[in-house]
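Reader: I am new to this structure and would like to learn how to read it, feature by feature. Could you take me through it slowly?

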Amino acid sequence: MNHIYQILVFLISFTTLFSQGFEDNQLWHAEKFQKKINEKNSLSLEQDFRAGENMSTLLYVHADFGIKHRLSNKISLSVNFREVFEKKEDIFMQEHRPHGTISTKIEIGSLDISARSRLEYRMKPGKDPVFRNRDMVSIKLRRELTSLKLVPYIADEIFFDIENSELNRNRFYVGSTIGSVKIMKPVIYFMVQSSFKSGTASHIGILGLKFLF
């Protein structure tokens with residue numbers, strides 16, 4: 001019961017920080033299931049739900065299935081297929097999105113530093129398919145804090161539109177995994193998503209919850 005109380009306090013603190021001064025406040029929620037096949041290969045299935053308009057309206061859903069292959073102790077390759085439904089003008093638009101990712105991780109002192117590069121092939125009805133590149137770097141503490149076994153991290157991800165040769169989105173994360181829960185690994189984060197179009201920038205604040213099984 002004490003752990004539940006501490007998690008609630010943690011959530012309230014993030015929510016208070018997160019709700020100030022953005023064009024929209026959103027809540028993102030995801031579950032990811034991972035199954036190891038052997039020493040080098042694993043499968044994953046992820047579902048993601050995103051509510052916007054101050055967390056009142058479902059705007060986005062995706063399902064993602066993939067296989068991950070460990071090339072070495074520090075480098076891995078993933079191949080995934082993502083089915084996306086995103087609300088545009090009161091209609092959910094469908095997108096098929098196969099993507100490949102190469103990831104690496106190094107240890108420096110008490111920190112884990114990881115990087116990934118993802119290439120997406122975006123297929124939308126009535127439009128020509130386009131490529132998009134997403135690069136992300138994250139820094140995570142290598143030890144647990146408090147009785148909640150918190151492992152804090154920060155991360156930044158950039159989105160590059162290959163067709164138009166421009167950077168059009170950035171996501172900055174501050175978050176933590178919670179290791180005190182036995183049946184899964186919860187992750188809570190606060191994210192600022194910045195979008196760039198026609199020389200102007202817009203920003204939304206996101207409270208995210210992810211549960212890893």
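Author: What follows is a conversation about cores, surface, charges and loops. Please keep in mind throughout that this is a predicted model.

Reader: Let me begin with the interior. Which residues make up the largest nonpolar core?

Author: The general idea is to look for buried nonpolar residues whose side chains join one another. In this structure the largest such core has 10 residues in all, namely W28, M136, Y153, A155, Y173, V187, Y189, M191, I204 and I206. The elements that contribute two or more residues to this core are strand 8 (150-161), strand 10 (185-197) and strand 11 (200-212), and strand 10 gives the most, with 3 residues.

Reader: If I pick out I204 from that core, with which residues is I204 in contact, leaving aside its neighbours within four places in sequence?

Author: With that restriction, I204 is in contact with F22, D24 and Q26, and also with M191, V192 and Q193. Apart from the core just described lies another core, of 5 residues, which includes L150, I178, I188 and L207.

Reader: Turning to the surface, which residues form a nonpolar patch there?

Author: The patch on the surface is formed by I37, I67, L71, I75, L77, V79 and I102, which together have about 580 Å² of accessible area. Strand 4 (residues 75-88) gives the most to this nonpolar patch, with 3 residues. L71, for its part, lies in the loop between strand 3 (57-70) and strand 4.

Reader: Why is L71 called partly exposed?

Author: The words depend on relative accessible area, with buried meaning under 20%, exposed meaning over 50%, and partly exposed lying in between. L71 has a relative accessible area of 46%, and it is therefore partly exposed.

Reader: Now I would like to understand the charged residues. How many salt bridges does a search of the whole structure find?

Author: The general idea is that side chains of opposite charge can pair when their charged atoms come close. Here a search of the whole structure finds 15 salt bridges. In one of them R82 is paired with E46, and the closest N and O atoms are 3.7 Å apart. That pair links distant parts of the chain, since R82 is in strand 4 and E46 is in strand 2, 36 residues apart.

Reader: Are R82 and E46 buried or exposed?

Author: R82 counts as buried because its relative accessibility is 6%, and E46 counts as buried because its relative accessibility is 9%. R82 also meets the side chain of D64 in a salt bridge, at 2.7 Å from N to O. D64 lies in strand 3 and R82 in strand 4, so this pair ties together parts that are 18 residues apart in sequence.

Reader: Which residues are linked in a network of salt bridges?

Author: The network links E95, R97, R116, E120, R122, R132, R134 and E157. The side chains of R132 and E120 meet in a salt bridge of 2.8 Å, N to O, and this pair links distant parts of the chain, with R132 in strand 7 (residues 130-141) and E120 in strand 6, 12 residues apart. Both R132 and E120 are buried.

Reader: Where is D48 found, and what does its side chain join in a polar contact?

Author: D48 is found in strand 2 (residues 41-52), and a polar contact of 3.0 Å joins its side chain to that of R50. At 7% relative accessibility, D48 counts as buried. Leaving aside neighbours within four places in sequence, D48 is in contact with H29, A30, Y60, V61 and H62.

Reader: Lastly, what should I look for in the backbone of the loops?

Author: The general idea is that most residues other than glycine have a negative phi. K149, although not a glycine, has a positive phi of about 60°, and its place is in the loop between strand 7 and strand 8. S198 is not a glycine either, yet S198 has a positive phi of about 55°, and S198 is found in the loop between strand 10 and strand 11.

Reader: How do K149 and S198 count in terms of accessibility?

Author: At 30% relative accessibility K149 counts as partly exposed, whereas S198, at 73%, counts as exposed.

Conventions
Residues are numbered from 1 along each chain as its sequence is written. This is a predicted model: local features need pLDDT of at least 70, side-chain atom pairs count only at pLDDT 80 or more; totals for chains, interfaces and linings use all residues. Side-chain values use heavy atoms; hydrogens and water are left out. A nonpolar core is a set of buried Ala, Val, Leu, Ile, Met, Phe, Trp, Tyr and Cys residues joined through side-chain atoms within 4.5 Å. Buried means under 20% relative accessible area, exposed over 50%, partly exposed in between (1.4 Å probe, protein chains only). Helices (H or I, at least four residues) and strands (E, at least two) are DSSP runs, numbered from the N terminus. Contact means heavy atoms within 4.5 Å. Patches are made of residues with over 30% relative accessible area and no salt bridge: like charges are joined within 9 Å, nonpolar side chains (Val, Leu, Ile, Met, Phe, Trp, Tyr) within 5 Å. Accessible areas come from the Shrake-Rupley method with a 1.4 Å probe; for residues, only the protein chains shown count as cover. A salt bridge is a side-chain nitrogen of Lys or Arg within 4 Å of a carboxyl oxygen of Asp or Glu. A polar contact is a pair of N or O atoms within 3.5 Å; within protein, one must be able to donate a hydrogen and the other to accept it, and residues adjacent in sequence count only if both atoms are side-chain atoms.
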